[in-house]
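Visitor: I've got a fold to walk through and would like some company. Could you take my questions one by one?

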Amino acid sequence: SAALGLTRQELDRLYGPGNAAQSGWVYEFDGFDLTLADCDLILDIDPDGQFADPESATDLVRTLLPEDAVLAGSWQFGTLQSAPQDADEWLSAELAARYRLLGEPRTGSVLVLYSYDGNPYDPGSVTHVELRPAVIPEP
């Protein structure tokens, strides 16, 4: 994986030191900022940048997931009164094994939520993407 499932120290080694923020550790890239918040990755997308297009945002997300990740499903959310959102679920055995190694109570299932700046008739640009690994429920 280029990001999901990596520790802050591993991300620092790959991309240089992140900046401490209230929400987590922020790494700045051309066209987006990546925030590591616990095990979640939050992407703030430049609305005028190269990843604002939904297909490009999805391609970016794919680079942040482990190589073995497979798309398990997709959903569209939103009503006539709200901005649209899309969600994908990805499954990765490598990610599940990585979380076990780190002692994190997470599975290899990842919810990816895309937020847009438009309306139900014109979704507009992707502005925000959340990659959220599922937590193992307590018995």
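Visitor: Which residue in β8 is the bridge partner of Val 110?
Guide: This is a predicted model, so keep that in mind throughout. Val 110 falls within strand β7, residues 106-116, and β7 pairs with β8 in the antiparallel sense over eight bridges. Look across from Val 110 into β8 and the bridge partner is Pro 133.

Visitor: β8 has another neighbour, β4. Which residue of β8 stands opposite Leu 43?
Guide: Strand β4 covers residues 40-45 and β8 covers residues 126-135, and four bridges join them, running antiparallel. Across from Leu 43, in β8, stands Val 129.

Visitor: Zooming out, in what order do the eight strands of the open sheet come?
Guide: The pairing is antiparallel. β4 is joined to β8, and β8 pairs in turn with β7. Put the whole open sheet together and the order reads β1-β2-β3-β4-β8-β7-β6-β5.

Visitor: And which strands stand at the edges?
Guide: Look for strands that have a single partner, so that one side is left without a neighbour in the sheet. Those are β1 (19-21) and β5 (70-77).

Visitor: By how many degrees are neighbouring strands of this sheet turned against each other on average?
Guide: Take the strands in the order β1-β2-β3-β4-β8-β7-β6-β5. With direction ignored, the average turn between neighbours is 20°.

Visitor: Back to β5: which residue in β6 stands opposite Trp 75?
Guide: β5 is joined to β6, residues 85-91, by seven bridges, and the two run antiparallel. Find Trp 75, then cross over to β6, and you land on Ala 87.

Visitor: Now the helices. Which residues of α2 are buried?
Guide: α2 spans residues 54-64, and its buried residues pack against β3, β4, β7 and β8. Seen down the axis they fall within an arc of 100°, so they line one face of the helix. The set is Ala 57, Leu 60, Val 61 and Leu 64.

Visitor: At the start of α2, which residue's backbone nitrogen does a side-chain oxygen of Asp 53 reach?
Guide: The helix itself runs over residues 54-64. The side-chain oxygen of Asp 53 comes to within 3.1 Å of the backbone nitrogen of Glu 55.

Visitor: How about α3, which of its residues are buried?
Guide: α3 takes in residues 93-102. On its other side Ala 93, Arg 100 and Leu 101 are exposed, while what covers the buried residues includes β7 and β8. The buried ones span an arc of only 100° around the axis, which puts them on the same side of α3. They are Leu 95, Ala 96 and Tyr 99.

Visitor: Which residue follows α3 with a positive phi?
Guide: At the start of α3, a side-chain oxygen of Ser 92 is within 3.4 Å of the backbone nitrogen of Glu 94. At the other end, the residue that follows has a phi near 75°, and that is Gly 103.

Visitor: Which residue in helix α3 forms a salt bridge with Glu 10?
Guide: Glu 10 lies in helix α1, so the pair ties together parts that are 88 residues apart in sequence. The closest N and O atoms are 2.3 Å apart, and the partner is Arg 98.

Visitor: Which residue forms a salt bridge with Asp 12?
Guide: Both partners lie in helix α1, four residues apart, about one turn of the helix. Residues three or four places apart in an α-helix point the same way, because there are 3.6 residues a turn. Here the closest N and O atoms are 3.7 Å apart, and the partner of Asp 12 is Arg 8.

Visitor: Is Asp 40 buried or exposed?
Guide: Asp 40 sits in strand β4. Leaving aside neighbours within four places in sequence, its contacts are Thr 35, Arg 106, Leu 131, Arg 132 and Pro 133. Its relative accessible area is 12%, and the cut-off is under 20%, so Asp 40 is buried.

Visitor: Last one: which residues do salt bridges that share partners join into one network?
Guide: Start with Glu 130 and Arg 132, a salt bridge with its closest N and O atoms 2.6 Å apart. Glu 130 is buried at 16% relative accessible area, whereas Arg 132 is partly exposed at 34%. The side chain of Arg 132 also makes a polar contact with that of Asp 40, at 2.4 Å. The network joins Asp 38, Asp 40, Arg 106, Glu 130 and Arg 132.

Methods:
Residues are numbered from 1 along each chain as its sequence is written. This is a predicted model: local features need pLDDT of at least 70, side-chain atom pairs count only at pLDDT 80 or more; totals for chains, interfaces and linings use all residues. Side-chain values use heavy atoms; hydrogens and water are left out. Two strands pair if DSSP finds at least two bridges between them. Axes are lines fitted to C-alpha atoms, for helices over the stretch in contact, and angles run from 0 to 180 degrees between N-to-C directions. Buried means under 20% relative accessible area, exposed over 50%, partly exposed in between (1.4 Å probe, protein chains only). The arc is that of the directions from the helix axis to the C-beta atoms. Contact means heavy atoms within 4.5 Å. A polar contact is a pair of N or O atoms within 3.5 Å; within protein, one must be able to donate a hydrogen and the other to accept it, and residues adjacent in sequence count only if both atoms are side-chain atoms. A salt bridge is a side-chain nitrogen of Lys or Arg within 4 Å of a carboxyl oxygen of Asp or Glu.
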